[in-house]
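Colleague: Before I use these labels, I want to see the values and the cut-offs behind them.

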Amino acid sequence: MSLEEQTRNMQERTFCKWLNTKLEANAYPPMSSLVQDLSDGVRLIQLMRCRGRGSLLRWHLLTGDTSLGRYNRNPRMRVQKAENVTKALEFITSRGVKLTNIGPEAYSGMIWTLILRFTIADISEEGLSAKEGLLLWCQRKTAPYQDVKVQDFTHSWSDGLALCALIHCHRPDLLDYDRLDKEDRHGNTRLAFQIAADHLDIPQLLEVEDLCDSAKPDERSVMTYIASFFHAFSSMEQTETESRRVEKFADLMQSVWIIRTDYERRARLLLENLERIQSQWAASVFMGTYVDAKEQSAQFTTYKQTTKRTWVTERQDVITLFGNVQTKLKTYSLAEYVPPKGLAPLDLDAAWKRLLESEAKRSRAINAEIRKIKEGLRKKFADIANAFEAGLHSISVELTMIEGPLEEQQQQAKEIQTRIPQLSEDLALVADAEAECMAANVEENDYTVFTWQDLEFELGLLIQNIAKKISFIDNQIVSRDVTNLTPAQIEQFETTFRYFDKDETNTLNQMEMMSALASLGIVYSNQDVDYIYEQLVGDYGAVTFEAFINLLVDITEDQTTPTQLLESFQGIAHSKPFITELDLRLAHIPQSSIDYLLNAMPSSPPPDDGAEPEYDYVGWLDEASGVSVNNECLSAFQDLKLGKKHKYILYALNAGNTEIVVEKTSSGTYEDFLGDLPEGEPRFAIFDFEFEKEDGGKRNKILFISWSPDGSKIKQKMVYASSKDALRRSLQGIAFEVQGTDLEEVSHETVLEKVSKGN
């Protein structure tokens, strides 16, 4: 088939479909052949009688009110058919459509003339009309699509993309252009035809093959179909424009209504808030305290910095709303807005003026209340402080007037001391009153010269004076009762005690006690000082003057017990385990006594460096003191070490502290051994300690345990300490020595850890 025949067939088929859309819309049967069905003029007259709306074809321009008159509905003769055709052509010509060379066989040209005149001719785009205008419209709509280049009404539409682009441009909800297969020409064209028919009411005037398989699609047919898109979308845009116009007006009226409603609501709320706050101020009552007045002042300040500023902004916004309403109404020549009674801008101004007057009144009331409260706080503090100071002065005078026997003075002073807690409570009232003044920023006070700090200092001095008075009386009683010291010694000891009692508590701490003893020429090792201090604290609760005097009495008694001899030698040797000739000379011992001691004490060979010989005073004293080791001690030890007859042995000093004896032997456990240790007395012990090595094997070690509990008396501790070496030297084969002052230090876990580390 030639290109001309293809074009003619495509054109006739397209025009026939286009005409059928009109006929079917008016209940006329459709045509099947353009030439055959129009040849008798009946279909042509029916087309002239069709009525319809729709800007798509503008066919109503053809009909009007002019009647076609009578015509042959079933013509059989050629002349009848010719009459019908002539009648229709005359009707078309009467509507201003110029038809030239139109005969019964040239129906395609006639139909194209009608389509061109009433469907395409009124298309206008940027001054262009008809074909050029329609082409420009297509180009503008498809310009954003890179795969579409509309140059004409033939080949530009052969891949279906231009049709899809037109649809997507106006109705992107109907297809996803980006997901199209750009190579599927038939599929894209078919999809565009289907969507246009189903969703846009654009009849399918063309076939897929007309565009995709034709060497050159018929331009008139394509223009006819594309014009349907133009009118469909133009109608849609016109409807949208009308809707937007109505919507805009409705939005305008609604916005005016919203602004008016918002203005009235906010103006009414603002007025209510202004009245409410003024009512609150009018009903407010001061509680008479600075905290309450300051709280109300703070609330008023917070109101001015927050709430009021919000209302200032709101007032301005409300006035602006009112102006906006009037401006909108004036712009559209609508009636001016008149607010409800009491909500006009002038009403707001009047209410605001009343608020400012109420604020000034409220501020004056708060300031007056604060000034009154501050003056009251000054007087309150002055009354309390002056009364307290007068009480202190009265007690101080009473303290100086104490007289009579020491016991009565002691009783009077202690009775005065019982008043201190009440004074402390009264001082707390002064502190509370001053705190109230400070909280109220009251700095000056013309009603008193005292501050809480002044009175606290005076109370502290009174407490110290009472304590000193009681201590002085107590010390005088102790000094009076001591009969084995001379008055000079008592005076010396009392002066020493007071000097080292730095905190004036009538007690000495451990360092103060050691320094006091040293100042009297009594020097002990640190370990001995620990023993003495702990014993005194245990007996007296603290190293009081009484405890100190009794200690000195005990120390200065003219006795020569082994313990005292050992202490004396240790003091001269400065706690060294040996003594030199120079130590003896520095102690101011007579020369004859020094010569005797140097001959009697065992000495080590003189060192090569020419230093003085060192004399073993400890061993000599053990030998000379009379503290010996009973033979049974060694026998029991041999039975434990070699015969394994015992598990542990307890050693003790006899009643006269002259001999170390066996107190107990046992085959019991370590727990039994701990149970046999006395709580308040020293002991020596031997224990055959068995333990497992890390590799799993068992080992035994013989332990020498020196038990000296904290609760022991000082003399007992010192006697046992000076006797230990005598026993220790007589027992050969001891592997480990343990010293304990409480059960924790000699517990199985502690000893096991020490023994394991030393293994």
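Colleague: Where is Val 85 found, and what makes it count as buried?

Modeller: Val 85 is found in helix α5, residues 78–94; helices are DSSP runs of H or I with at least four residues, strands are runs of E with at least two, and both are numbered from the N terminus. Buried means under 20% relative accessible area, exposed over 50%, and partly exposed in between, with a 1.4 Å probe and protein chains only. Val 85 has 6% relative accessibility, so it counts as buried. The C-alpha atoms of Val 85 and Gly 41 are separated by 4.2 Å, although the two are 44 residues apart along the chain.

Colleague: What kind of model is this, and how are residues numbered?

Modeller: This is a predicted model: local features need pLDDT of at least 70, side-chain atom pairs count only at pLDDT 80 or more, and totals for chains, interfaces and linings use all residues. Residues are numbered from 1 along each chain as its sequence is written, and side-chain values use heavy atoms, with hydrogens and water left out.

Colleague: Why is Thr 154 called buried, and which residues is it in contact with?

Modeller: Thr 154 has 5% relative accessibility, which is under 20%, so it counts as buried. Thr 154 sits in the loop between α7 (130–142) and α8 (161–170). Contact means heavy atoms within 4.5 Å. Leaving aside neighbours within four places in sequence, Thr 154 is in contact with Lys 216, Pro 217 and Glu 219.

Colleague: Why is Ser 32 called exposed?

Modeller: The relative accessibility of Ser 32 is 68%, over the 50% limit, so Ser 32 counts as exposed. Its place is the loop between α1 (3–25) and α2 (34–38). Not counting residues up to four places away in sequence, Ser 32 touches Cys 16 and Asp 37. C-alpha to C-alpha, Ser 32 and Arg 13 are 8.8 Å apart in space, and 19 residues apart in sequence.

Colleague: What makes Ser 730 partly exposed?

Modeller: Ser 730 has a relative accessible area of 27%, between the two limits, so the label is partly exposed. Ser 730 is found in helix α27 and is in contact with Val 629 and Leu 634, leaving aside neighbours within four places in sequence.

Colleague: What is notable about phi of Ser 333 and Glu 504?

Modeller: Most residues other than glycine have a negative phi. Phi of Ser 333 is near 55°, a positive value, and phi of Glu 504 is also near 55°. Ser 333 lies in the loop between α12 (290–331) and α13 (345–400), and Glu 504 in the loop between α17 (487–500) and β3 (507–508). Ser 333 has a relative accessible area of 68%, so it is exposed; Glu 504 has 39%, so it is partly exposed.

Colleague: How many cavities are there, and what makes a set of points a cavity?

Modeller: The count comes to 1 cavity of 30 Å³ or more. On a 1 Å grid over the protein atoms alone, a cavity is a set of points where a 1.4 Å probe fits but cannot get out, whereas a pocket is an open set with protein on both sides within 12 Å along at least five of seven lines; lining residues have an atom within 4 Å of a point. Grid points are joined across faces, edges and corners, and a volume is the space filled by probe spheres set on the points. The largest cavity holds about 30 Å³. Its lining residues include Tyr 524, Asp 528, Glu 567 and Ser 575, and α21 gives the most, with 3 residues. Domain 4 (482–557) and domain 5 (562–624) each supply at least three residues to that lining, the bounds coming from an automatic or database domain assignment.

Colleague: What volume does the second largest pocket have, and which residues are closest to its centre?

Modeller: The volume of the second largest pocket is about 670 Å³. Of its 32 lining residues, the closest to the centre are Gln 527, Gln 570, Ala 721, Ser 722 and Lys 724. The largest share of the lining, 8 residues, comes from α27.
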